[in-house]
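Reader: Could you take me through this structure? I would like to begin with the cysteines and then move on to other parts.

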Amino acid sequence: MKRDYTYSDFNTLCACQALRKSARTVTRRYNAALKPVGLNIGQFTTLASLLRPDSVPISVLAEQLGMDRTTLTRDLKPLERRGLVVSLSDAEDARQRNITISDRGRELMKRAAPLWEIAQEKTKKNISDEQWTDFRAELTKLTH
């Protein structure tokens, strides 16, 4: 049986609508916190994902970030222009590009991390530590 939905139905029932609204609000909070170092939260999470000893193939990084490779490649360009990341040819397969964070990128992350922590604490302020842990676990389940 078809149902005639109303705004109220979608506003109260749609998981995607609620997640997108929350995501926009939280994104604004993190972006505002990171503004003094010239990063947005997408750039910050990309750089944070590169805080590892070795370079990583773009396809692997994209999967870890939940992005498609083309979008990640586009998002990496401003970080490359700023000298925060370096794109390298893979030693075994020149068609594959590997990404690594530069020394300049690591230094910027040292300045950005405390700003991220402020936004993180503001985001967590109305949720207990246990609820936060459960919330993160439930979000992870939604990605599978």
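Author: The following exchange covers cysteines, a pocket and several individual residues. This is a predicted model, in which local features need pLDDT of at least 70, side-chain atom pairs count only at pLDDT 80 or more, and totals for chains, interfaces and linings use all residues. Residues are numbered from 1 along each chain as its sequence is written, and side-chain values use heavy atoms, with hydrogens and water left out.

Reader: How many disulfides does a search of the whole structure find?

Author: The search finds zero disulfides, a disulfide being a pair of cysteine sulfur atoms within 2.5 Å. In general terms, such a link is a covalent bond between the sulfur atoms of two cysteines.

Reader: Why is there no bond for Cys 14?

Author: Because the closest cysteine sulfur, in Cys 16, is 5.3 Å from the sulfur of Cys 14, which is too far for a bond.

Reader: Are Cys 14 and Cys 16 buried or exposed?

Author: Cys 14 is partly exposed, at 29% relative accessible area. Cys 16 is also partly exposed, at 47%. Here buried means under 20% relative accessible area, exposed means over 50%, and partly exposed lies in between (1.4 Å probe, protein chains only).

Reader: Changing topic, what is the volume of the largest pocket?

Author: The volume of the largest pocket is about 1,600 Å³. On a 1 Å grid over the protein atoms alone, a pocket is an open set of points where a 1.4 Å probe fits, with protein on both sides within 12 Å along at least five of seven lines. Grid points are joined across faces, edges and corners, and the volume is the space filled by probe spheres set on the points.

Reader: Which residues lie nearest its centre?

Author: Ala 23, Val 26, Thr 45, Arg 136 and Leu 139 lie nearest the centre, out of 36 lining residues; a lining residue has an atom within 4 Å of a point. The elements giving two or more residues to this lining are α2 (15–34), α3 (41–49), α4 (58–65), α6 (103–124) and α7 (129–142). Helices (H or I, at least four residues) and strands (E, at least two) are DSSP runs, numbered from the N terminus.

Reader: Which element gives the most, and how do the lining residues divide?

Author: Helix α2 gives the most, with 10 residues. The lining divides into 14 nonpolar, 14 polar and eight charged residues. Ala, Val, Leu, Ile, Met, Phe, Trp, Tyr, Cys and Pro count as nonpolar, Asp, Glu, Lys and Arg as charged, and the others, Gly among them, as polar.

Reader: Where is Thr 123, and what does it touch?

Author: Thr 123 is in helix α6 and is buried, at 15% relative accessibility. Not counting residues up to four places away in sequence, Thr 123 touches Val 26, Arg 29, Tyr 30 and Trp 132, where contact means heavy atoms within 4.5 Å. The side chain of Thr 123 also reaches the backbone oxygen of Ala 119 at 2.8 Å.

Reader: What about Ile 118, where does that lie?

Author: Ile 118 lies in helix α6 and is partly exposed, at 46%. Its C-alpha atom is separated by 7.2 Å from that of Ala 33, although the two are 85 residues apart along the chain.

Reader: And Thr 100, is that buried or exposed?

Author: Thr 100 is buried, at 17%, and lies in strand β3 (residues 97–101). Leaving aside neighbours within four places in sequence, Thr 100 is in contact with Leu 50, Ser 55, Val 85, Val 86 and Leu 88.

Reader: Lastly, where does His 144 lie?

Author: His 144 lies in the segment after α7 and is exposed, with a relative accessible area of 79%.

Conventions
Polar contact = N/O pair within 3.5 Å; in protein donor to acceptor, adjacent residues only side chain to side chain.
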